[in-house]
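Q: Please take a close look at one residue of this structure and set it against the rest of its chain. A plain account of the surroundings is enough.

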Amino acid sequence: MKILIVDDSYFSQKTTANFIKKFLDSVDFEFAKDGKEGFEKYKQIKPDYTFVDLLMPNINGQELIKLIKTDDNDAKIIVISADVQKNIREEIEAYGVLSFINKPMNEEKARLISELIRNDVNGQ
Amino acid sequence: MDNKQIRYDILKELFNVSVGQAASMLSEVVKKTILLDVPKIEIIKSDKELCELQTHLPAVLDGTLMISSITFQEQLTGEANLIFPAEKMKTFINLCLNESEQEMQYSDMHFTDMDFDIIREIGNIILNAIVGGLSNQIGIQLQYTLPEVQVFDRIDFEEDIQNKEYPYFLMLYITFDIGDTEIEGAVIVNLTLTSLKELMLIVTKIEDELYG
């Protein structure tokens, strides 16, 4: 399984990957530091799941989600953001993302995401 | 990315999460969505030179400034200051009171007791979210005082902050876009040398944990 993590923080990229690794086997992680690089990597590797931070330079997370969804409306996107505002969450969820998780990432959140991915893969 | 850059990245991200929480709380107060900008952070050594701080204070923070401060102690000792241009705070107070644009008196720079009360409360929310959020994430305990609000001229503020006995500043630049209003400010966290070392020790530990 290929997971692309798009986050301008190297720390967050690694933390998210380390937590997810605890719950999902055989995952190849790819990383991008902003929306621009994220979209290029997305087109190049066509990941099974894309984790997107919202607050990023160049192209922000919301714009990246729009680009990805325009390319493939069925793309599986999980948002991991520090923004905890309800309005923002509702706006982003309207794009049809799989899940919206608030930072900081922790073991419990990673377990939930992994469960969600596992169920999605098994078609539940 | 070298070790120094990684530690800076960790620190920035810790504050990023806290600023996100602060924005959410503010959004509930003003009943509007708040758009955040990508945060920036710097560690500044404040030795003797007054110009040192001047170089780092954003240009928008000119003229009259409104500063909310809390001091904290226990595992870290220091003071956190939230700085916004007074003119923008007037607009922000009106947003908090849910007054319409037409009712706003942009030219009136007189602050009432009610205005100070609002700013004190807003400062309390933002600084608690930022300092408290940081302490939660890194697993330390802090005790802090109630916020104080003061109005300074930029120059007076620079002198005031540099006369205190904290040799290091963590300067965090924040921008809140509330509706059509952009409010650009900064959070300056003054730390003792021991506290800065303690904080960086924790950050280094987080960095080590990244690599298992």
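A: Leaving aside neighbours within four places in sequence, B:Gln143 touches three residues, B:Phe72, B:Gln73 and B:Glu74. The model is a predicted one. B:Gln143 itself sits in strand S5 of chain B, which covers residues 142-144. Another residue to place beside it is B:Thr77: the two are 66 residues apart along the chain, and their C-alpha atoms are separated by 9.3 Å.

B:Gln143 counts as exposed because 9 other C-beta atoms lie within 10 Å of its own, and the cut-off for exposed is 12 or fewer.

The chain around B:Gln143 has 6 helices and 8 strands. Along the sequence, the elements of chain B run α-β-β-α-β-β-α-α-β-β-α-β-β-α. Of the 212 residues in chain B, 36% are buried. If one takes the contacts in chain B between residues at least 6 apart in sequence, 74% of them join residues at least 24 apart.

For the buried side of the picture, turn to the largest nonpolar core, which has 82 residues. The residues with the most contacts inside this core are A:Phe51, B:Ala80, B:Ile126, B:Ile130 and B:Val187. In soluble globular proteins, nonpolar side chains tend to be buried together. With neighbours within four places in sequence left out, B:Val187 is in contact with B:Ala80, B:Asn81, B:Leu82, B:Ile130, B:Leu172 and B:Ile174.

Note on methods
Residues are numbered from 1 along each chain as its sequence is written. Chains are lettered from A and ligands numbered from 1 in the order in which they are written. This is a predicted model: local features need pLDDT of at least 70, side-chain atom pairs count only at pLDDT 80 or more; totals for chains, interfaces and linings use all residues. Helices (H or I, at least four residues) and strands (E, at least two) are DSSP runs, numbered from the N terminus. A residue is buried if 20 or more other C-beta atoms lie within 10 Å of its own, exposed if 12 or fewer, and partly exposed in between; C-beta atoms are placed from the backbone. Two residues are in contact if their C-beta atoms, placed from the backbone, lie within 7 Å. A nonpolar core is a set of buried Ala, Val, Leu, Ile, Met, Phe, Trp, Tyr and Cys residues joined through C-beta atoms within 7 Å.
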